[in-house]
Amino acid sequence: MEETKEAVSLVVVGSLALDTIATPVATRRDVLGGSVSFACAAASFFTRAGMVAVAGADFPESGVEQFRKFGVDLHGLHKVEGKTFRWSGVYEQNMNVRRTLSTELNVFADFSPELPEDYRRSAFLFLANIAPALQLQVLAQIHKPRFVAADTMDLWIRTARDPLMKLISKVDLLLINDSEARELTGKEHLVQVAQQVLEWGPRYVIVKKGEHGSMLFSKSGLILVPAYPVDDVRDPTGAGDSFAGGFMGCLAASGKLTQAAVRRAMVVGTVVASFAVEAFGLDRLAGIARTDIDARGVEFLKMIKV
Ligand code: AMP
């Protein structure tokens, strides 16, 4: 769907959505969203990300244009007959609690992606939140990935546990929010939750705790990063996907998997997510530059230094 051909260093598959979102600040319909959108936009500040997703006939050209402006590679974006994936959710007053009102898979229900040839040689892969069977299908097409991360959600824990467990056993990193991690493992304490996930196969697990930040567990120890304190949260949707996109984009750009690189990626993911929640959809990420991320990163590092 796009002309320029610059090598992709990170492949991302996930939902491409039109979201209807109600927060205490406002309600918006058909906002450009979905896990792949936030993740690719966030990663694009650091590296060339290739999007694997499907859009319905109703997907607006302005959305495609938006991704082009971010510099996302769109050779893996398919446009088909039918309706685009739609999700609708409502946030409570403190915005930590969200209720899903509806999920319509639409064109994702029978999407079977064939990856462009150059995507198959990508070293970094992010399997953003979407049906685990689809995540597995994309993983199977990548020849020799160096680092594979996956995200998921409660819906798949409840309705697609078998493919999800298969997926978890094959990835290097599982990103998951705290309540979903508890549901997945049946354990309460996050240290035990993480130990259980690490026993299933991944080398790393990142437990996302919303406004309380994130925790990365691995055999080499624990990295704790608080959230950047945003004073005007307008829409938390996509915070986790933006964190993950920033994290993976930063790792792919460095090409390193050292402790230092992983620590830096945690900070970068946190900072990118803090921008994403300051407006609906991709609006805030579309209005910033890499220099804004770097500047907030410096400020954030000063804040967390003790
Ligand atoms: P986050 O706030 O990071 O959990 O991500 C929110 C995004 O996830 C929204 O833009 C939704 O379109 C998308 N989403 C919601 N439900 C699903 C689902 N079942 N599968 C894939 N993506 C979803």
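In this predicted model, strand 11 (residues 204-208) pairs with strand 12 in the antiparallel sense over five bridges. Within this pairing, Tyr204 has Ser218 of strand 12 as its bridge partner. The two strands form a hairpin with five residues between them, and Gly210 in the turn takes a positive phi of about 55°. On continuing along the chain, one meets a second hairpin, in which two residues lie between strand 12 and strand 13. Strand 12 and strand 13 (residues 221-225) are again antiparallel, with five bridges, and Met215 stands opposite Leu224 of strand 13.

Strand 12 (residues 214-218) is thus paired with strand 11 and with strand 13. How many of its five residues are buried? Five of the five are, and the strand is mostly covered. In a regular strand, side chains alternate between the two faces of the sheet. On one side of strand 12 the buried residues are Ser214, Leu216 and Ser218, and on the other Met215 and Phe217, so that both faces are covered. Phe217 also belongs to a nonpolar core of 32 residues, which includes Leu115, Leu125 and Leu167 as well.

That core is separate from the largest one, which has 78 residues. Nonpolar side chains tend to be buried together in soluble globular proteins. Which residues of the largest core touch the most other members? They are Leu16, Phe126 and Phe247. Helix 9 (residues 259-276) gives the most to this core, with 11 residues. The surroundings of Phe126 can be followed in detail: beyond its sequence neighbours up to four places away, its contacts include Leu10, Val11, Val12 and Val13, together with Ala39, Ala149, Leu175, Ala244 and Met248. Asp151 is also among the residues that Phe126 touches.

Helix 6 (residues 178-185) offers a view of one-sided burial. Its buried residues are Glu180, Ala181, Leu184 and Thr185. These cover an arc of only 120° around the axis, which places them on the same side of helix 6. An α-helix has 3.6 residues a turn, so residues three or four places apart point the same way. The elements that cover the buried residues of helix 6 include helix 4 (154-159), helix 5 (161-170), strand 10 (173-177) and helix 7 (190-199). Just after helix 6, Gly186 has a positive phi of about 75°. Helix 7 also contains Glu199, which is exposed because its relative accessible area is 64%, above the 50% cut-off. The C-alpha atoms of Glu199 and Ser169 are 9.0 Å apart, although 30 residues separate the two along the chain.

The aromatic residues provide further links. A search of the whole structure finds seven aromatic pairs. One of them joins Phe45 and Phe70 in an edge-to-face arrangement, at 6.3 Å centre to centre and with 80° between the planes. Phe45 lies in the loop between helix 1 (35-43) and strand 4 (49-55), and Phe70 in helix 2 (residues 61-70), so this pair ties together parts that are 25 residues apart in sequence. Phe45 is buried, at a relative accessible area of 14%, and Phe70 also counts as buried, at 12%. The pair of Phe124 and Phe147 is tilted instead, with 6.4 Å between the centres and 45° between the planes. It links strand 8 (residues 124-127), where Phe124 lies, to strand 9 (residues 147-151), where Phe147 lies, across 23 residues. Both Phe124 and Phe147 are buried. Ring pairs also link Phe85, Phe108 and Phe111 into a cluster.

Rings take part in contacts with charged groups as well. The charged end of Arg28 sits over the ring of Phe280, 4.6 Å from its centre, and that of Arg296 sits over the ring of Phe275, at 3.8 Å.

Towards the N terminus, strand 2 (residues 17-22) and strand 3 (residues 27-33) pair in the antiparallel sense over five bridges. A hairpin of four residues joins strand 2 to strand 3, and Ala17 stands opposite Gly33. Is Ser88, in strand 6 (residues 85-91), buried or exposed? Ser88 counts as buried because its relative accessibility is 12%, under the 20% cut-off. Apart from residues up to four places away in sequence, Ser88 touches Thr20, Arg99, Thr100, Leu101 and Ser102.

Key
Residues numbered from 1 in each chain as written. Predicted model: local features only at pLDDT ≥ 70, side-chain atom pairs only at ≥ 80, totals over all residues. Heavy atoms only, no water. Pairing = 2+ DSSP bridges. Buried < 20%, exposed > 50% of the residue type's maximum accessible area, 1.4 Å probe, protein only. Contact = heavy atoms within 4.5 Å. Phe/Tyr/Trp six-rings, centres within 6.5 Å; stacked < 30°, edge-to-face > 60°. Lys NZ or Arg CZ within 6 Å of the ring centre and 35° of its normal. Core = buried A, V, L, I, M, F, W, Y, C linked by side-chain atoms within 4.5 Å. Arc of directions from axis to C-beta.
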